Amino acid sequence: MLFRVDPRLTLAGLVLDPTPVTGSSPLAATHGDLDEPRWQLRVLDGPLRGAVHLLGDRLSIGRSGANDLQLHHDVISRQHAHVAHDGQGRHVLVDLVSRNGTFVDGRRIDRQVLRPHALVRIADTELLYEPADARAPVAGVRWGQEQHALRFVGPDGAEHGARLLEEILEYRTLRAQSRRGELANPRQQARHDALQAHLRQPSNHFGDERPGDERPGDERRSFSRFACRFPATLRLATGQERPCTVLDLGVDGAQLTLDGPELDYDEFVWLSIPLEGNGHRREEVLTSRVAWVGGDKLGLAFAGAPRSERHRAAAGSREAFEEDAPTMQLVARPAATQRFERLLAQGRPIGTS
């Protein structure tokens with residue numbers, strides 16, 4: 001078996017990750033600059049169960065795909081809550097005037113300093129606040145008793161190791177924060193910019209169009225797709241879990257093979273990837289929508305990805321409004337309502353005393 005490699009280290013015939021940890025490249029220069037989070041939220045149930053979200057300065061939670069932690073449920077507000085660092089080594093959970101509330105250890109809260117092992121509940125999803133797990137570099141995917149090495153090939157033919165998946169996941173987190181204007185730390189901004197340049201589609205490369213994809217140059221294809229082959233699990237809203245094989249992966253989506261009944265276009269699904277490195281295991285779960293279906297293959301658009309023309313054409317639909325509109329609860333106090341009615345009856349301008 002022949003590998004196409006530039007002259008870098010190889011070991012036992014396996015190509016090592018061509019992106020160095022140290023060196024003079026812009027990407028390498030930002031590696032390791034950021035402080036390691038000391039606390040995390042672990043999802044205990046639902047389709048995101050097993051997923052871990054590290055807590056830095058802020059973590060947003062809600063139904064919208066723009067959140068760091070997207071919870072898909074009708075009773076969850078678009079921006080439901082966030083966890084923020086208070087500058088004193090503590091994390092504070094804040095409910096953003098959600099309709100159905102945020103609970104800590106069974107009590108509804110507006111603002112709550114999280115204590116170790118506090119149990120957070122939003123709708124039917126429970127989250128555990130706990131010290132962050134030790135994170136070892138990912139070596140591969142753990143599937144039953146077997147470990148599958150992660151190997152990716154970019155559109156330019158360059159080969160990458162497991163580090164590429166971690167870079168994709170890291171960039172998605174930083175991009176979500178950047179879109180909300182939360183990258184105040186220059187080191188975070190530098191890391192975001194370096195990862196973006198690293199993962200961008202090479203100039204003048206458009207690749208093959210998939211059913212439902214946009215014309216070449218569309219924003220949804222501005223990032224490279226990396227060919228690969230590893231096992232994963234697709235979780236459905238019904239609770240069913242179906243094994244699948246990931247054939248390519250990028251910042252905003254993936255292509256899979258999936259046996260069994262076809263899924264519906266735009267259906268919510270969750271791609272679960274069981275990772276392992278140096279004996280440490282963790283689950284990465286990516287909230288997704290079905291972007292296209294063709295026989296035993298399908299494409300996924302990850303949460304936060306730019307929407308396709310088909311989505312934009314339906315932007316005025318009720319479904320789009322319910323998905324994208326902010327959720328608010330307006331509360332009118334009886335005394336204020338009576339004063340408003342009295343002013344109307346007197347014909348006086350509203351806002352005067």
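In the predicted model, the side chains of Asp-248 and Arg-225 meet in a salt bridge, with nitrogen and oxygen 2.9 Å apart. Asp-248 belongs to strand 19 (residues 241–250) and Arg-225 to strand 18 (residues 225–236), so that this contact ties together parts of the chain that are 23 residues apart in sequence. Asp-248 has a relative accessibility of 7% and therefore counts as buried, the cut-off for this class being under 20% relative accessible area. Further salt bridges share partners, and in this way Arg-49, Arg-235, Glu-241 and Glu-283 are joined into one network.

In total, the structure holds 17 salt bridges. Another of these connects Arg-191 with Glu-170, where the closest N and O atoms are 2.9 Å apart. This pair links distant parts of the chain, since Arg-191 is found in helix 3 (residues 186–199) and Glu-170 in helix 2 (residues 163–179), at a separation of 21 residues. The two partners were assigned to separate classes of accessibility: Arg-191 is buried, with a relative accessible area of 4%, whereas Glu-170 is partly exposed, with a relative accessible area of 26%. A salt bridge is also formed between the side chains of Asp-86 and Arg-90, with an N to O distance of 2.6 Å. In this case Asp-86 is partly exposed at a relative accessible area of 23%, and Arg-90, at 33% relative accessibility, counts as partly exposed as well.

Aromatic contacts were examined next. A pair of aromatic rings is described by the distance of the centres and the angle of the planes. The count comes to 4 aromatic pairs. In one of them, the rings of Phe-152 and Phe-230 have their centres 6.3 Å apart and their planes at 75°, and the pair is therefore classed as edge-to-face, the class for planes over 60 degrees apart. Phe-152 lies in strand 16 (residues 152–153) and Phe-230 in strand 18, so the pair ties together parts that are 78 residues apart in sequence. Phe-152 is buried, with a relative accessible area of 1%, and Phe-230 is likewise buried, with a relative accessible area of 2%. Strand 18 thus contributes Phe-230 to this aromatic pair and Arg-225 to the salt bridge with Asp-248.

A further aromatic pair is made by Tyr-171 and Phe-223, whose ring centres are 5.4 Å apart and whose planes stand at 50°, so that the pair is tilted. Here too the contact links distant parts of the chain, with Tyr-171 in helix 2 and Phe-223 in the loop between helix 3 and strand 18, 52 residues apart. Both rings were assigned to the buried class, Tyr-171 at 1% relative accessibility and Phe-223 at 6%. The ring of Phe-223 also takes part in a contact with a charged side chain, as Arg-200 lies over its face at 4.7 Å from the ring centre. A contact of this kind is found for Phe-103 as well, over whose ring the charged end of Arg-121 sits, 4.3 Å from the centre.

With regard to strand pairing, 6 strands form an open sheet in the order 4-3-13-12-9-10, with antiparallel pairing. Its edge strands are strand 4 (52–55) and strand 10 (107–109), each of which pairs on one side only. Neighbouring strands of this sheet are turned by 30° against each other on average, when direction is ignored.

Within the sheet, strand 13 (residues 125–131) is mostly covered, 5 of its 7 residues being buried. On one side, strand 13 pairs with strand 3 (residues 39–43) in the antiparallel sense over 5 bridges, and Glu-130 in strand 13 is the bridge partner of Gln-40. Strand 13 is also joined by 4 bridges to strand 12 (residues 119–122), the two running antiparallel, and in this pairing Leu-128 of strand 13 is the bridge partner of Leu-119. Strand 12 and strand 13 form a hairpin with 2 residues between them, and Ala-123 in the turn has a positive phi of about 55°. Towards the other end of the strand order, strand 9 (residues 102–104) and strand 10 run antiparallel and are joined by 3 bridges, with Val-104 standing opposite Arg-107 in strand 10.

Notes: Residues numbered from 1 in each chain as written. Predicted model: local features only at pLDDT ≥ 70, side-chain atom pairs only at ≥ 80, totals over all residues. Heavy atoms only, no water. Salt bridge = Lys/Arg side-chain N within 4 Å of Asp/Glu carboxyl O. Buried < 20%, exposed > 50% of the residue type's maximum accessible area, 1.4 Å probe, protein only. Phe/Tyr/Trp six-rings, centres within 6.5 Å; stacked < 30°, edge-to-face > 60°. Lys NZ or Arg CZ within 6 Å of the ring centre and 35° of its normal. Pairing = 2+ DSSP bridges. Axes fitted to C-alpha atoms, helices over the stretch in contact; angles between N-to-C directions.
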